[in-house]
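Visitor: I would like a close look at a single part of this protein, followed by a connected account of what surrounds it. Please keep it plain.

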Amino acid sequence: MKIACVGGGPASLYFSILMKRQDPSHDITVHERNPAGSTYGWGVTYWSELLDKLREKDPETALAISENSVTWNSGVAHVRDRRTVQPGDDGFGIGRRRLLELLADRARALGVRVEYEDEITADALPDADLVVAGDGVNSAVRERYADRFGSDITVGRNAYIWLGTTKVHEAFTFSFQETDHGWIWAYAYPFSDEQSTCVIECSPRTLSGLGLDRLSEADGLALLEKLFADILDGHPLLGRDQGDGTARWLTFRTLTNRAWHHGNLVLLGDAAHTTHYSIGAGTTLALEDAICLAEALGTHPDTQAALAAYERRRKSDLLRLQSAARHSAQWYENIQRYIDLPPEQMFALLGQRHSPLLPYVPPQLYYRLDRAAGRLEALRRLKRWLGPKLARSSQSRALAGRK
């Protein structure tokens, strides 16, 4: 096949690697409009399940990623002047730029052409048997056929900003700080031996009350450094590490598409779907999309049948995570419901924020039931049975509300 990937993110690069491994005769080009090394963002997260999948599909890529990652196995939460620590599963962080470098190097070694500063317009798609739109949530290719894909974007309530810091955290770290204008909080995690990512979030009322929507970047970062001195230990917050160097406050956009393919065009990664950053699944889902699409094309000799199979499987796989992401975002949007609980209870419910049950049960009662469920098999079975039912019901209502 002749394959053109529009966008040089993790999904497109890893898909090209897998297709070359399937059949070296595939003619594959990845078109990236930005210069090499100009990616936005700081570090991304993933968990051991993804690393297992990468080892199965391409051990060389998996080894390179694992060797360039840092890991943690606990979480720390600061609430006002209180601090609590909880053990957790192994988490991994890697710099987004480093991840793209590793994937691009592997793709080129296998014979993929990776072309930078090569912008593909929606009105002039490459002449190829398959065009993969991996050009992100703002995909121009997808928008060219928006009526065919049935794209829908839901804008979140809270504001957030994506920053870096030279403080290297040893755990996934949360800090919740109360101000005269409401709560503001940070999520921080390491991605190298020199830096960590620090995402800061708050309600629109708090953003406006603190003046963060009007301050210059330097003044805004200085204010945030004071607010989160408890987790920065004197280290600075850093704006965007590439591009114009400016970090901006954003609101998260959750993207869904009714269809994922049209003719010989197929959506991949953030061009197909997004899930709220608070569940840390964006990069994992992009790579899993690439795995699924490559498997479908390797299994079905007919391209249209392969694209249909890919769409069915990924849309089904995503239902649970989309529900978890929506509930996670809502947990933070309703933080007043949980913030005054005793520290161990608040942190426990922070870990349970994906649950479709939690919004319907008083927080302290949920905490007691969850602790009891850990000891009683009957309650565990009830939770396993009721949770997915509520998740499906909630997801159906959310989708119906967008039609």
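How many bridges join strand 9 to strand 10, and do the two run parallel or antiparallel?

Guide: The model is a predicted one. In it, strand 9 and strand 10 (residues 182-190) run antiparallel and are joined by 7 bridges. The connection between them is a hairpin, with 2 residues leading from strand 9 to strand 10. One pair of facing residues across these strands is Phe174 and Tyr187, the latter in strand 10.

Strand 9 also pairs with strand 4 (residues 70-79), here in the parallel sense and over 5 bridges. On that side, Phe172 of strand 9 has Gly75 opposite. Strand 9 thus has an antiparallel pairing with strand 10 and a parallel pairing with strand 4.

As for its surroundings, strand 9 covers residues 172-179, and 7 of its 8 residues are buried, so the strand is largely enclosed by the rest of the structure. The cut-off that matters here is that a residue is called buried when its relative accessible area is under 20%. In a regular strand, side chains alternate between the two faces of the sheet.

Next, the nonpolar cores. The largest has 62 residues, and Tyr14, Phe15, Val132 and Leu293 have the most contacts inside it. Helix 10 (residues 282-299) is the element that gives the most to this core, contributing 10 residues. Phe15 can be followed in detail: leaving aside residues up to four places away in sequence, it touches Ile3, Cys5, Leu130, Val132, Leu268, Ala290, Leu293, Ala294 and Leu297. A second core, separate from that one, has 30 residues, among them Trp72, Trp183, Val361 and Tyr367.

That leaves enclosed space. The count comes to 1 cavity of 30 Å³ or more, and the largest cavity has a volume of about 40 Å³. Its lining consists of Val44, Thr45, Tyr46, Leu50, Leu54, Ile65, Ile94, Leu99, Thr283 and Leu287. Strand 3 (43-47), helix 2 (48-57) and helix 10 are the elements that each give two or more residues to this lining. Strand 3 supplies the largest share, 3 residues. By class, the lining of the largest cavity holds 8 nonpolar residues, 2 polar ones and no charged ones. Helix 10 therefore appears twice in this account, because the helix is a DSSP run that gives residues both to the largest core and to the lining of the largest cavity.

Conventions:
Residues numbered from 1 in each chain as written. Predicted model: local features only at pLDDT ≥ 70, side-chain atom pairs only at ≥ 80, totals over all residues. Heavy atoms only, no water. Core = buried A, V, L, I, M, F, W, Y, C linked by side-chain atoms within 4.5 Å. Buried < 20%, exposed > 50% of the residue type's maximum accessible area, 1.4 Å probe, protein only. Helix = DSSP H or I, 4+ residues; strand = E, 2+ residues; numbered from the N terminus. Contact = heavy atoms within 4.5 Å. 1 Å grid on protein atoms, 1.4 Å probe; cavity = no way out; pocket = protein on both sides within 12 Å on 5 of 7 lines; lining within 4 Å. Points joined across faces, edges and corners; volume = space filled by probe spheres on them. Nonpolar A, V, L, I, M, F, W, Y, C, P; charged D, E, K, R; others polar. Pairing = 2+ DSSP bridges.
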